[in-house]
Amino acid sequence: MKKLYLFLLVNISISSIIAIRYFWVPGSSFTWDGSLFAFIAVLGHFFSAYLLIFVLSIPILWINKKITNICLALIFSLLQIVLYIDTIVFQQYRFHISESVLSMVFSGQVVDFSAMTYLLISLLIFVCFATEYLVLYLLDKKFNLNNIRSKLLIIPTVFLVCCLVISHLIHMIAFYYAYSPIMVVKEYIPLYRPFTSKKIMGYFDKSGQRKVLIEMDNQHASIYYPKKDLMINPDNQATPNIMFIVLDSWRYDSFSPDISPNTYRFVKQNDSIIFNNHYSTGNATRTGIFGLFYGIPGTYWDAFLRNRIPSLFITTLQKENYNIGIFTSAKVTAPEFDRTAFLTIKNLRISSRDGKASSRDKQLTEDWLNWYKTRDQSKPSFSFLFFDAPHAYDFPNNFDIKFQPVGELNYMTLSNDTDPVPIFNRYKQSVYYDDYLLQKVYDELKQSGSLDNTLIIITGDHSQEMNDNKLGFWGHNGNYTDAQTKVPFIIVGAKDLQHMSDNINKFTSHEDVVPTIMRNYLHVENDISDYSTGYDLFSPILNRDWLLMSNYSSYAVRTKDNIYFVNRLGISHYFDAYNNEVNETPNYNLIHAAMNNMRYFFQTEQ
């Protein structure tokens, strides 16, 4: 047992040395406190990981010593090889190795290994195995384990335990106060899940100083966003008012004369384009809104949150001297849009007053009306109205019931056999209520005379499933089918929109909103590739065969007929468009292209 533990300590040291390669990626730079945290986090993390392997390896000690040494050397050498290979993957892609990455690599579609590569891999395996076996041999032959005092083992153990505990406590504090030099370390360490708890920190922070974020610049971020400095409106052209109207959990099929009559009529009466094949960048609010405001995949969320990188769209509006009004029903602190997209907005409105979603939506509308009527009309305005009633299936008790029968929503009792009609009616009633509120917005735009000079984006952050695919899925954040990701998407006014008509039936995404507005309305002269992975909707979209979507812990590459899904453990599944697993080989060239987008802003210009 003592021998195995010493062997464990040796391997922790080896892994920690290999892990240095994670922090040598191009562009990475750490403050002294970030470097110190990385040191103790790596040691603590590998100690906890190898401690589990130590427990699992104990039964091997009961067999023949020679066989035991061979087994231990093989297990630990393979672990070190996998770790080393992961450092290579991380340097190339800025994410860690997973089953999906291995499937792509060994598919034969993307990478062809030469004979020399196989020879080097074989040599690496042999050298690692021999090294591990040599360590075990020396422990057997050169050291008298019986003479090694237990106290000598206690010292490194206490040190490693302290590293483990202290690193998690430090990260909890750093995450609460959005301290980037500490938070960014998580990106570099494989399988690292440091502790966070707003509840515990809130107990010590009675005054709520979390709202006063520690100001740090991004000089230590290994993120290249934008690739080049933006050239914003060099000719000082006029810019229009811009408005985003977003309904949380808005299904594509609930934009209709029956369910959303006011919006439908408003769209039809004004110069507008309705897109028929539009998808959110995720099946959850975090990644859906992120893609809408950044024009890049939601898979960047964690890195942008840790580095506190604001939306270039928002900062461009600020440079163009826009009035900016952010009006959300739910809190912009959960998810942390106050630390990402809206980071640079002073005196940010956090949410509507507490209450049911429908009452918060009403407050949102009233607050926007008051703000819009008193805005500085000498400057253009940007409005973001984010309604929440469809997400909560909520509407006022005194609001006329149009869709009957209306059922009560109880997620605890939902099953594959639940009748969706009453629940769907409740959902439609909530959309109908928000549509009623929106009529006040449309009326104000008309009465103020600003409609003709206002670009309006009307959409949802994601969709909402009613067990559409008969697989027991309800709500969102569960799969990447149309029922959870396809949303209404309408652009109204401010310019001749007919140039977009070629794209109304093409694959379009929330990633396309920022580049379209930046190029055509804010007059940013850079190539779109400098700041977005989306498309300009004024130009015909050619050869777009896939979309990238994500949520809190997974991502998917969506084609017309299939969904390539990768879960939080990196294990991939291949589904048809209705989330039924299919026994086919994915087109890994598309997967590779999607992964290139996922790493694009982690790379320097070549």
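pLDDT is the predictor's confidence in each residue, from 0 to 100.

**View 1. How confident is the predictor along this chain?** Welcome to a predicted model. Its mean pLDDT is 89, and 93% of the residues reach 70 or more. Residues 211-215 are a place to pause, with pLDDT under 50 throughout. For that stretch, the model has nine contacts beyond four places in sequence. Where pLDDT is low, the predicted coordinates should not be read in detail.

**View 2. Asn64 sits in a loop between two helices.** Look for helix 2 (32-57) and helix 3 (65-93); Asn64 lies in the loop between them. This residue is partly exposed, with a relative accessible area of 46%. Now look for Tyr264, which is 200 residues from Asn64 along the chain. The C-alpha atoms of Asn64 and Tyr264 are separated by 77 Å.

**View 3. Asp468 and Arg251 form a salt bridge.** Side chains of opposite charge can pair when their charged atoms come close. The whole structure holds eleven salt bridges, and in this one the closest N and O atoms of Asp468 and Arg251 are 2.8 Å apart. Asp468 lies in the loop between strand 7 (465-466) and strand 8 (474-475), while Arg251 lies in the loop between strand 1 (241-247) and helix 9 (261-269), so the pair ties together parts that are 217 residues apart in sequence. Asp468 is partly exposed, at 33% relative accessibility. Arg251 is at 5% relative accessibility, so this residue counts as buried.

**View 4. Lys402 pairs with Asp258.** The closest N and O atoms of this salt bridge are 3.1 Å apart. Lys402 belongs to the loop between helix 14 (389-392) and helix 15 (420-447), and Asp258 to the loop between strand 1 and helix 9, so parts that are 144 residues apart in sequence are tied together. Lys402 is partly exposed at 37% relative accessibility, and Asp258 is partly exposed at 40%.

**View 5. Arg558 and Asp482 link a strand to a helix.** In this salt bridge, the closest N and O atoms are 2.9 Å apart. Arg558 is in strand 12 (residues 555-558) and Asp482 in helix 16 (residues 482-485), 76 residues apart. Is each partner buried or partly exposed? Arg558 is buried, at 2% relative accessibility, whereas Asp482 is partly exposed, with a relative accessible area of 30%. Elsewhere, Arg251, Asp253 and Asp468 are joined into one network by salt bridges that share partners.

**View 6. Phe342 takes us into the largest nonpolar core.** In soluble globular proteins, nonpolar side chains tend to be buried together. The largest nonpolar core here has 100 residues, and those with the most contacts inside it are Phe244, Phe293, Phe313, Phe342 and Phe382. Helix 2 supplies the largest share of this core, eleven residues. Which residues does Phe342 touch, leaving aside its neighbours within four places in sequence? Its contacts are Phe293, Ile314, Ile326, Val332, Phe337, Leu348 and Phe384. There is also a second, separate core of 36 residues, which includes Leu364, Ile423, Tyr433 and Val492.

**View 7. Cys128 and Cys163 are in no disulfide.** How many disulfides does the structure hold? The count is zero. For Cys128, the nearest cysteine sulfur is that of Cys71, 17 Å away. Cys128 counts as buried, at 18% relative accessibility. For Cys163, the nearest cysteine sulfur belongs to Cys162 and is 7.2 Å away. Cys163 also counts as buried, at 4% relative accessibility.

Methods: Residues are numbered from 1 along each chain as its sequence is written. This is a predicted model: local features need pLDDT of at least 70, side-chain atom pairs count only at pLDDT 80 or more; totals for chains, interfaces and linings use all residues. Side-chain values use heavy atoms; hydrogens and water are left out. Helices (H or I, at least four residues) and strands (E, at least two) are DSSP runs, numbered from the N terminus. Buried means under 20% relative accessible area, exposed over 50%, partly exposed in between (1.4 Å probe, protein chains only). Contact means heavy atoms within 4.5 Å. A salt bridge is a side-chain nitrogen of Lys or Arg within 4 Å of a carboxyl oxygen of Asp or Glu. A nonpolar core is a set of buried Ala, Val, Leu, Ile, Met, Phe, Trp, Tyr and Cys residues joined through side-chain atoms within 4.5 Å. A disulfide is a pair of cysteine sulfur atoms within 2.5 Å.
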